[in-house]
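Me: I am new to this structure and would like a close look at one part of it. Could you pick a single helix and walk me slowly through its surroundings?

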Amino acid sequence: MSAISAPSSSPAPRTAAASRNRLRGPERVVVAQHRWALWIMGVLPVLATVSLVGAWLWTEHVLDAFAATGCSVTHTTPGCDATVNAYLDRQMWLREVLDRAGLLMMVLPALIGIFVAGPVIARELESGTYRLAWTQSVTPARWLAAKLAVPTVVTLASVSVLSAACTWAQGRADRAYQGQEWHERTAYGSMGTVPVGYALCMLAIGALAGLLLRRTLTAMVVTVIGYGTLVAAFNSVRNSLWPTLTDTFRQGSHYRFPDGAINVGTGWLTDSGRRLPHSACLEWAPDFKQCLTEKNIALRYFDYHPASHFWPLQLVETGILLALAALVVALAFRVLRRHHG
């Protein structure tokens, strides 16, 4: 006698699993479409990190070997000329490695923006292949979210690792005579949180350019122009993102500008505390002392950012970049809704 088995409840978990897989569907498509570009984005920071660590380990060996010779860079003695020159050549080589790493970090956000603007967004809109995804129970908003989510995860991981490696290398390079100052463009742009901010901001700008222009090449060109504009804007206002320190001293006194600081402005202070530009009285002019007297100049001043302002400047700039990225992403979704519902 056969028995009728009760209906199994197993389809429910399968349905839930199918639902979860369906939620991950657009992301899997993005990974499949751009796997080689994503692999390069993932492998590049690993290779760069290995190169930086290897360069520093070799340079540290050179430092130890030079210290064992008894020669000095500042007080070169007879017989040490060749040793000192060889040592300085190796330090200059380390400087070049750090410069190239900094240039890579400055170019990387533009490459990320180009990748999102062209191959990820504009190409699908230009060719019309996006319609296939939207007929597979994927809404336009979900489609765009997937297009942004996958590059964002890879960008965060890649740029964070590479930025940490550059920060470590720059810090270790303080022992070298050819080390970089923190405020140099390639050094500042490769360390801390700023590279992550630029990368995410350019990812958002690339997406907006692709949605608006719907032409691969045009969107990529506009994204590059946008990156140049963004960098130029922050370079012009960066020193104003955090309050500067001011030192005042009398003309002719033995004032020493703080080591590692960046000069933001210099000039004269009158007896009443009014600021005058440095050109108000030129030291080499014949009437220099008379000028000081006539304009009631009492002190000279320097506005500057010390090395301790590195992190405040980084965090403020990063915060602005992330806020701008969020605003651009919101605008991108608004554009998508307006054109495609």
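Reply:
**Helix α3 and its surroundings**

The residues of α3 that count as buried are L38, M41, P45, A48, L52, A55, W56, T59, E60, V62, L63 and F66. Buried here means under 20% relative accessible area, exposed means over 50%, and partly exposed lies in between, with a 1.4 Å probe and protein chains only. Helices (H or I, at least four residues) and strands (E, at least two) are DSSP runs, numbered from the N terminus.

A word on the model before we go on. This is a predicted model, in which local features need pLDDT of at least 70 and side-chain atom pairs count only at pLDDT 80 or more, while totals for chains, interfaces and linings use all residues. Residues are numbered from 1 along each chain as its sequence is written, and side-chain values use heavy atoms, with hydrogens and water left out.

Now follow the helix from end to end. α3 covers residues 35-69, which is 35 residues, and it reaches 51 Å from its first C-alpha to its last, close to the 51 Å expected at 1.5 Å a residue. That expected span is 1.5 Å times one less than the number of residues in the helix. Just after α3 comes G70, with a positive phi of about 80 degrees. As a general point, an α-helix has 3.6 residues a turn, so residues three or four places apart point the same way.

What about a residue that is missing from the buried list? V53 is found in α3, and V53 is partly exposed, with a relative accessible area of 32%. V53 also has a partner far along the chain: its C-alpha and that of A165 are separated by 7.9 Å, although the two residues are 112 apart in sequence.

Next, look for empty space beside the helix. Rolling a probe the size of a water molecule over the atoms shows where empty space is left. On a 1 Å grid over the protein atoms alone, a cavity is a set of points where a 1.4 Å probe fits but cannot get out, and its lining residues have an atom within 4 Å of a point. Grid points are joined across faces, edges and corners, and a volume is the space filled by probe spheres set on the points. The count comes to two cavities of 30 Å³ or more.

The largest cavity holds about 40 Å³ of space, and it is lined by L52, A55, W56, L94, V97, L98, A169 and A173. Two elements, α3 and α4 (81-127), give two or more residues each to this lining. Sorted by class, the lining of the largest cavity has eight nonpolar, no polar and no charged residues. For these classes, Ala, Val, Leu, Ile, Met, Phe, Trp, Tyr, Cys and Pro count as nonpolar, Asp, Glu, Lys and Arg as charged, and the others, Gly among them, as polar.

The second largest cavity has about 30 Å³ of space. Its lining is made of M41, L44, P45, L108, I112, S158 and V159. Here α3, α4 and α6 (140-172) are the elements that give two or more residues, and α3 has the largest share, with three. By class, this second lining divides into six nonpolar, one polar and no charged residues.

Finally, step back to the packing around the helix. In soluble globular proteins, nonpolar side chains tend to be buried together. A nonpolar core is a set of buried Ala, Val, Leu, Ile, Met, Phe, Trp, Tyr and Cys residues joined through side-chain atoms within 4.5 Å. The largest such core has 75 residues, and those touching the most other members are L52, I121, W143, L144, Y198 and L211. At least two core residues come from each of α3, α4, α5 (130-134), α6, α7 (185-188), α8, α9 (216-237) and α11 (310-340). α4 gives the most to this core, with 16 residues.

Among those contributors, α8 makes a good next stop. α8 spans residues 194-213, and its 20 residues reach 28 Å from first C-alpha to last, close to the 28 Å expected at 1.5 Å a residue. α8 is mostly covered, with 17 of its 20 residues buried. R214 follows α8 and has a positive phi, near 60 degrees.

If you keep one residue in mind from this tour, L52 is a good choice: it is buried in α3, and it helps line the largest cavity.

How values were computed. 1 Å grid on protein atoms, 1.4 Å probe; cavity = no way out; pocket = protein on both sides within 12 Å on 5 of 7 lines; lining within 4 Å.
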